[in-house]
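Trainee: I would like to learn how to read a structure like this one, feature by feature. Where should we begin?

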Amino acid sequence: MRIVVLDGHTLNPGDLSWDSLARLGALTVHERTAPGEVVARAAGAAVVLTNKTVLTREQLARLPELRLIGVLATGYNVVDTAAARERGIPVCNVPDYGTRSVAQFTFALLLELAHHVGHHAATTRAGRWSQSPDFCYWDRPQIELEGLTLGLIGLGRIGRAVADLGHAFGMKVVTTSRRRPDDLPAHLEFVSLDDLLARSDVVSLHCPLTSETKHLIGPANLAKMRRNAFLLNTGRGPLVDDQALAEALRIGTIAGAAVDVLTAEPPAADNPLLQAPNCLVTPHIAWATRAARARLMETAVGNVEAFLGGSPRNVVN
């Protein structure tokens, strides 16, 4: 059986092993695959694994031997799942591998906004502390999180992990989602979206990307936020209208933002958030700890093993 990985570099840049997958069949791993190379590289494969390489209806129609598509991520919008279902091809994702890593990174972004650690470390290295007339200096606000309100839009695994961290920091945590969970923890208050935006000092996005949530954070909802508020996005880029957020930061509608995801990745050089004031942009790395990637690899291989054993798991179509 032939197994092809279309874009293995981001999952495994060299610090993990493909051996467990190679034991299941004749394995070919491509670091990256351009759209025009997909069909030629996947031809004859029974199993194709993809992270961000798109598999369209037209491409699937040209791969008659394909029996399983594995997505090396939680989101699976890169695959035409309806076309795969019509062909009887299961599409399997990895639903839970990076919860703690993404929650940790969310707070790394928040703590950077609160303390500007990178800026102060850089200016110290440049000699400013050595030249200071005082024993310390700071030129950006230093913000204590205890007592502030953290608003979480979305309360899945990652949202709950971020809520726990916020509670540990002494923050008041409010949340909203499509429906009120039956098992809402005592330290969480369920509110409407408008109430969350109006009350929160920090708004963090952890909801899925759907037609209803695309550009959820746009001009109207940004205007409902507090002027001292921070916006965090470690979820999906299109949840935020990049241009609207850049403008809100420029005119001071909100105090700052930190995003690990953008509408287009990699972004165009003229993406407005790359030059927006009080805005941190990181290159989609919240998921990328070695521990999280190892769990992703283990689950992805397990998905292939389960399929070969006749009991596909984590099937999304």
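Mentor: Begin with a single residue and where it sits. This is a predicted model, and T149 is placed in strand β6, which covers residues 149-153.

Trainee: Is T149 buried or exposed?

Mentor: The general idea is a cut-off on relative accessible area: buried means under 20%. T149 has 9%, so T149 is buried.

Trainee: Which residues does T149 touch, leaving out those up to four places away in sequence?

Mentor: T149 touches M171, K172, V174, R199, S200, D201 and V202. The last of these, V202, lies in strand β9, residues 202-205.

Trainee: How should I read V202, then?

Mentor: Take accessibility, then distance, then contacts. V202 counts as buried, at 1% relative accessibility. V202 and G151 are 51 residues apart along the chain, while their C-alpha atoms are separated by 5.9 Å. Beyond four places in sequence, V202 touches L110, T149, L150, G151, M171, F230 and L232.

Trainee: Which other residues show how separation along the chain and separation in space can be read together?

Mentor: Two cases will do. P64 and G44 are 20 residues apart along the chain, with their C-alpha atoms separated by 7.8 Å. L72 and A46 are 26 residues apart, and 16 Å separates their C-alpha atoms.

Trainee: Where do P64 and L72 sit?

Mentor: P64 is in the loop between α3 (57-61) and β4. L72 is in the loop between β4 and α4 (81-86). Being in a loop does not settle accessibility here: P64 counts as exposed at 69% relative accessibility, whereas L72 counts as buried at 2%.

Trainee: What does L72 touch, again leaving out residues up to four places away?

Mentor: L72 touches V5, L11, L49, T50, N51, L296 and A300. Among the buried residues of α11 are L296 and A300, which takes us to that helix.

Trainee: How do I read the length of a helix?

Mentor: Compare its span with the span expected at 1.5 Å a residue. Helix α11 runs over residues 290-308, 19 residues in total, and reaches 27 Å from its first C-alpha to its last, close to the 27 Å expected.

Trainee: Which residues of α11 are buried, and what covers them?

Mentor: The buried residues are A292, R293, L296, M297, T299, A300, V301, G302, N303, V304, A306 and F307. Their cover includes the helices α1 (19-22) and α5 (99-115), together with the strands β3 (47-50), β4 (68-71) and β5 (91-92). Just after α11, G310 takes a positive phi of about 90 degrees.

Trainee: Which residues other than glycine have a positive phi?

Mentor: Examples include H116, with phi near 55 degrees, and H284, with phi of about 55 degrees. H116 is in the loop between α5 and α6 (117-125), and H284 is in the loop between β12 and α11. Their accessibility is worth checking as well. H116 is buried, with a relative accessible area of 15%, and H284 is partly exposed, with 28%.

Trainee: What about omega? Where is there a cis peptide bond?

Mentor: The bond from E265 to P266 is cis, with omega near -5 degrees. P266 belongs to the loop between β11 (256-259) and β12 (279-281).

Trainee: How do I step back to the whole chain?

Mentor: Start with the inventory: the chain has 11 helices and 12 strands. For overall form, compare the radius of gyration with that of a compact globule. For 317 residues the globule value would be near 20 Å, and the chain has 22 Å, which agrees. Along its principal axes the C-alpha trace spans about 70 × 50 × 35 Å.

Trainee: How much of the chain is buried, and how much of its contact set joins residues distant in sequence?

Mentor: Buried residues make up 48% of the 317. Of the contacts with a separation of 6 or more, 60% come from residues 24 or more positions apart.

Trainee: What can be said about surface and charge?

Mentor: The chain exposes about 15,400 Å², with carbon and sulfur atoms supplying 53% of that area. There are 31 positive and 31 negative side chains, and the centres of the two sets lie 3 Å apart.

Conventions
Residues numbered from 1 in each chain as written. Predicted model: local features only at pLDDT ≥ 70, side-chain atom pairs only at ≥ 80, totals over all residues. Heavy atoms only, no water. Helix = DSSP H or I, 4+ residues; strand = E, 2+ residues; numbered from the N terminus. Expected span 1.5 Å × (residues − 1). Buried < 20%, exposed > 50% of the residue type's maximum accessible area, 1.4 Å probe, protein only. Contact = heavy atoms within 4.5 Å. Rg over C-alpha atoms; globule rule 2.2 N^0.38 Å. Areas by Shrake-Rupley, 256 points an atom, 1.4 Å probe, with all protein chains shown as cover. Lys, Arg positive; Asp, Glu negative; His and termini not counted. Charge placed at Lys NZ, Arg CZ, Asp CG, Glu CD.
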